[in-house]
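User: Please go through this model with me and, for each label you use, set the value against the cut-off that it rests on.

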Amino acid sequence: MVSRSSNSSNERSTPILIKDLRNLRVLLLQPKSSEGEELWQHLNRIGCQVQTSWPPPTEIPPNTDVVFVFLRPIVEGDIVLNWDADDPPAVLIAIVDYENPIIVEKVLRLRAQAVIGLPLRTFGILANVLLSVNNHRREERLRMRVERMSAKLKAHRDIDKAKAILMAANNVSEQVAYETLREQAMNKRTTIEAIAMAVINASDLL
């Protein structure tokens with residue numbers, strides 16, 4: 001899985017417009033073919049920064065925005081495509097030339113954001129790219145929001161547990177226990193959450 005910096009995450013959380021296409025970094029995964037060459041030319045014409053690779057790399061290059069993958073050679077060649085469908089590093093658009101249960105299952109397992117059929121028709125590629133990228137970024141914003149909320153809930157639970165430990169150990173009120181945590185955090189120049197975890201860990205040791 002490719003690590004993403006906070007700057008990259010902020011950039012990816014911004015909706016993309018037609019004027020932003022020249023900043024879009026596209027990776028085309030396909031063996032040499034006329035269809036692949038046609039797709040490469042069209043993506044260049046609409047302004048994307050396009051790179052090609054075959055076989056698929058072990059890791060998707062950092063800062064890649066969109067990955068086009070020709071699925072038939074992947075499936076028929078039993079080629080490994082390392083792709084984290086639960087936390088994808090980029091938008092995935094599948095290129096297929098026929099539908100059968102194996103191909104369809106592969107598309108579903110990879111959770112491709114769009115599917116383009118062959119023979120290639122350039123009409124619709126631009127719309128697929130823009131819609132897929134914006135949907136992907138919307139999902140990332142939602143995922144980050146959920147992660148922040150989960151972290152906040154965990155912090156509240158840790159603080160409540162630490163207060164309970166101090167209340168039981170020192171026979172003090174909830175307010176006094178909280179003020180103790182806050183004072184320790186200020187003295188040590190750290191967060192209340194960090195002090196709460198230290199209290200919990202110390203209690204577990206005892």
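User: What makes the approach of asparagine 100 to isoleucine 102 at the start of H4 a polar contact?

Analyst: A side-chain oxygen of asparagine 100 comes to within 3.0 Å of the backbone nitrogen of isoleucine 102, and a polar contact is a pair of N or O atoms within 3.5 Å, where within protein one atom must be able to donate a hydrogen and the other to accept it, and where residues adjacent in sequence count only if both atoms are side-chain atoms. The distance is inside that limit, so the pair is called a polar contact. This is a predicted model, in which local features need pLDDT of at least 70 and side-chain atom pairs count only at pLDDT 80 or more, while totals for chains, interfaces and linings use all residues. Residues are numbered from 1 along each chain as its sequence is written, and side-chain values use heavy atoms, with hydrogens and water left out.

User: Why are the buried residues of H4 said to line one face of the helix?

Analyst: H4 covers residues 101–110, and its buried residues are Ile103, Val107 and Leu110; here buried means under 20% relative accessible area, exposed over 50%, and partly exposed in between, with a 1.4 Å probe and protein chains only. Seen down the axis of H4, these residues fall within an arc of 75°, so they line one face, the arc being that of the directions from the helix axis to the C-beta atoms. Pro101, Ile102, Leu108 and Arg109 are exposed on the other side of H4. The cover over the buried residues of H4 includes helix H3 (71–76), S4 and S5, and just after H4 arginine 111 has a positive phi of about 55°.

User: How do you know what span to expect for H2?

Analyst: The expected span of a helix is 1.5 Å times one less than its number of residues. H2 has twelve residues and reaches 16 Å from its first C-alpha to its last, close to the expected 16 Å. As for the label itself, helices (H or I, at least four residues) and strands (E, at least two) are DSSP runs numbered from the N terminus.

User: What makes the buried residues of H2 a face, and what do they pack against?

Analyst: Gly36, Leu39, His42 and Leu43 are buried in H2, and seen down its axis the buried residues fall within an arc of 130°, so they line one face of the helix. Ser34 and Arg45, on the other side of H2, are exposed. The buried residues of H2 pack against S1, strand S2 (49–53), S3, S4 and H5.

User: Why is a set of residues in this model called a nonpolar core?

Analyst: A nonpolar core is a set of buried Ala, Val, Leu, Ile, Met, Phe, Trp, Tyr and Cys residues joined through side-chain atoms within 4.5 Å. The largest such core has 23 residues, and Leu24, Leu39, Val66, Phe68, Ile93, Ile125 and Val129 have the most contacts inside it. Among the elements that give two or more residues to this core are strand S3 (66–70), strand S4 (91–96) and helix H5 (125–170), and H5 gives the most, with four residues. A second, separate core has 17 residues, including Leu27, Ile60, Ile74 and Ala94. In soluble globular proteins, nonpolar side chains tend to be buried together.

User: Which residues does leucine 39 contact beyond its neighbours within four places in sequence?

Analyst: Those residues are Leu28, Phe68, Phe70, Ile95, Leu120 and Ile125, where contact means heavy atoms within 4.5 Å.

User: Why is the pair of aspartate 160 and lysine 163 called a salt bridge?

Analyst: A salt bridge needs a side-chain nitrogen of Lys or Arg within 4 Å of a carboxyl oxygen of Asp or Glu; the closest N and O atoms of aspartate 160 and lysine 163 are 3.5 Å apart, so the pair qualifies. Both residues lie in helix H5, three residues apart, about one turn of the helix.

User: How do you know whether lysine 163 is buried or exposed?

Analyst: Lysine 163 has a relative accessible area of 10% and therefore counts as buried, whereas aspartate 160, at 43%, counts as partly exposed. Leaving out residues up to four places away in sequence, lysine 163 touches Glu174, Ala177, Tyr178 and Leu181.

User: What makes the pair of glutamate 76 and arginine 72 a salt bridge, and how exposed is each residue?

Analyst: Their side chains meet at 3.4 Å, N to O, and the two residues are four apart in helix H3, separated by about one helical turn. Glutamate 76 has 52% relative accessibility and so counts as exposed, while arginine 72, at 34%, counts as partly exposed. The structure holds eleven salt bridges, and Arg25, Asp65 and Arg137 are linked in a network of them.
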